[in-house]
Amino acid sequence: MPELTPTDLQEILVYTTALARKAGALILEGSAAIQASGNVDEKKNSVDLVTEYDVRVEELVKKELGDKYPGFGFIGEESYSSGTRPPLTDAPTFCVDPIDGTTNFVHGFPFACISLGLIYKRRPVLGVIYNPFLDHLYTGVQNQGSYLTRPNFPKQKLPLSAPKPLASLNQGLLAIEWGSDRSQGTIAAKSSSFSRLAGDPTGVKGGKMAHSLRSVGSAALNFALVAQGGLDLYWEIGCYPWDVCAGIVIAQEAGGLVTGSHEVFEATKDTEAFGDVTEDILAGRKHIVIRGIQGGQGETTKDAQRRIVKEVYDSVEDVAPN
């Protein structure tokens with residue numbers, strides 16, 4: 001297959017953006033149907049939900065992408081769950097979560113989206129995230145910037161304002177999620193981690209007293225909101241590649257930095273590899289994304305991002321994803 005050029009990626013972005021909007025219309029149809037019927041199934045447990053619309057949206061997207069780009073690979077949440085698990089290669093591969101934020105979708109909470117990413121040579125290179133409930137479209141292409149398109153505004157480059165300083169977590173608005181693994185070990189580790197991030201240090205040992213914690217309920221939208229500048233960072237254990245692929249590109253193109261687990265951070269923080277999202281990080285199920293930060297005196301943006309990631313990882317507990 002010929003090399004993908006920047007022009008090729010722009011053409012793919014135009015097509016996938018239109019496809020995301022088409023999928024968004026089906027998501028809205030599904031939301032109305034579910035609110036009327038309450039027809040929902042469980043995957044792993046009572047909080048790991050799937051609907052017929054997750055499957056229908058993925059089938060729509062997979063068919064149209066296959067017709068348009070027959071030589072590209074495809075990784076989708078629902079096909080993966082049903083046992084279709086092709087290995088990642090250097091070939092261009094679409095990575096799709098048909099409805100990210102299924103619990104929100106089921107409850108009618110308007111923060112669910114389609115997340116459509118493209119991986120090329122084992123790196124995320126293009127991302128489209130579309131929330132049809134709010135009609136917010138986030139797009140990003142490697143080395144070509146990321147953008148937000150929404151009603152009543154011109155298309156806006158991300159972040160929406162110049163990066164601001166972030167002296168410590170004490171001044172941050174942080175995204176976290178409870179996830180679908182509610183076992184004792186995981187829930188205890190997350191609870192104590194969240195307590196330290198939010199807690200007053202005069203009464204909570206190790207408390208950082210962040211401005212607040214937010215659980216939007218969609219990994220893709222958390223990434224998009226970090227890219228936008230509305231969130232300072234998002235830390236999560238348990239995401240799959242389709243949850244984060246599109247968001248990684250959008251956040252990176254907005255000046256954000258993405259890395260993996262505590263172990264990955266320690267191994268790469270002082271090297272050129274820091275912030276390079278390899279296949280292992282993409283699939284590693286442990287991620288942190290932090291917005292662009294205006295560095296302090298003698299501090300670069302990456303220095304500031306490294307400092308904040310260290311503060312987070314010194315505060316939270318690492319657990320094995322289930």
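This is a short walk through the cores, one strand region, one helix and one pocket of a predicted model.

I will begin with the nonpolar cores. The largest of them has 34 residues. Those with the most contacts inside this core are Ile 129, Tyr 138, Phe 223 and Tyr 234. Four elements each supply at least two of the core's residues: strand 5 (113-120), helix 6 (219-228), helix 7 (241-253) and helix 9 (279-282). There is also a second, separate core, with 33 residues, and Tyr 53, Val 57, Leu 65 and Phe 72 are among them.

Back to Tyr 138. What is Tyr 138 in contact with, leaving aside its neighbours within four places in sequence? The list includes Gly 127, Val 128 and Ile 129, then Tyr 147, Leu 148 and Leu 158. It also takes in Leu 221, Ala 224, Leu 225 and Gln 228, and finally Ile 250.

Now the strands. Strand 7 covers residues 136-141 and runs antiparallel to strand 8, with four bridges joining the two. Gly 140 has Ser 146 of strand 8 as its bridge partner. Four residues lie between these strands in the hairpin, where Asn 143 takes a positive phi near 65°. On its other pairing, strand 8 is joined by two bridges to strand 9, residues 156-157, again antiparallel. Here Tyr 147 stands opposite Lys 157. That hairpin has six residues between the strands, and Asn 152 has a positive phi near 70°.

In a regular strand, side chains alternate between the two faces of the sheet. Which residues of strand 8 point to which face? Ser 146 and Leu 148 point to one face and are buried, whereas Tyr 147 and Thr 149 point to the other and are not buried.

Next, helix 6. Nine of its ten residues are buried, so helix 6 is largely enclosed by the rest of the structure. The buried set includes Phe 223 as well as the polar side chains of Asn 222 and Gln 228. After the helix comes Gly 229, with a positive phi near 105°.

Last, the second largest pocket, which holds about 230 Å³ of space. It is lined by 13 residues, and the closest to its centre are Ile 75, Tyr 80, Pro 86, Pro 241 and Ala 283. Helix 7 and helix 9 each supply at least two residues of the lining. How many of the lining residues are nonpolar, polar or charged? Eleven are nonpolar, two are charged and none is polar.

Conventions. Residues numbered from 1 in each chain as written. Predicted model: local features only at pLDDT ≥ 70, side-chain atom pairs only at ≥ 80, totals over all residues. Heavy atoms only, no water. Core = buried A, V, L, I, M, F, W, Y, C linked by side-chain atoms within 4.5 Å. Buried < 20%, exposed > 50% of the residue type's maximum accessible area, 1.4 Å probe, protein only. Contact = heavy atoms within 4.5 Å. Pairing = 2+ DSSP bridges. 1 Å grid on protein atoms, 1.4 Å probe; cavity = no way out; pocket = protein on both sides within 12 Å on 5 of 7 lines; lining within 4 Å. Points joined across faces, edges and corners; volume = space filled by probe spheres on them.
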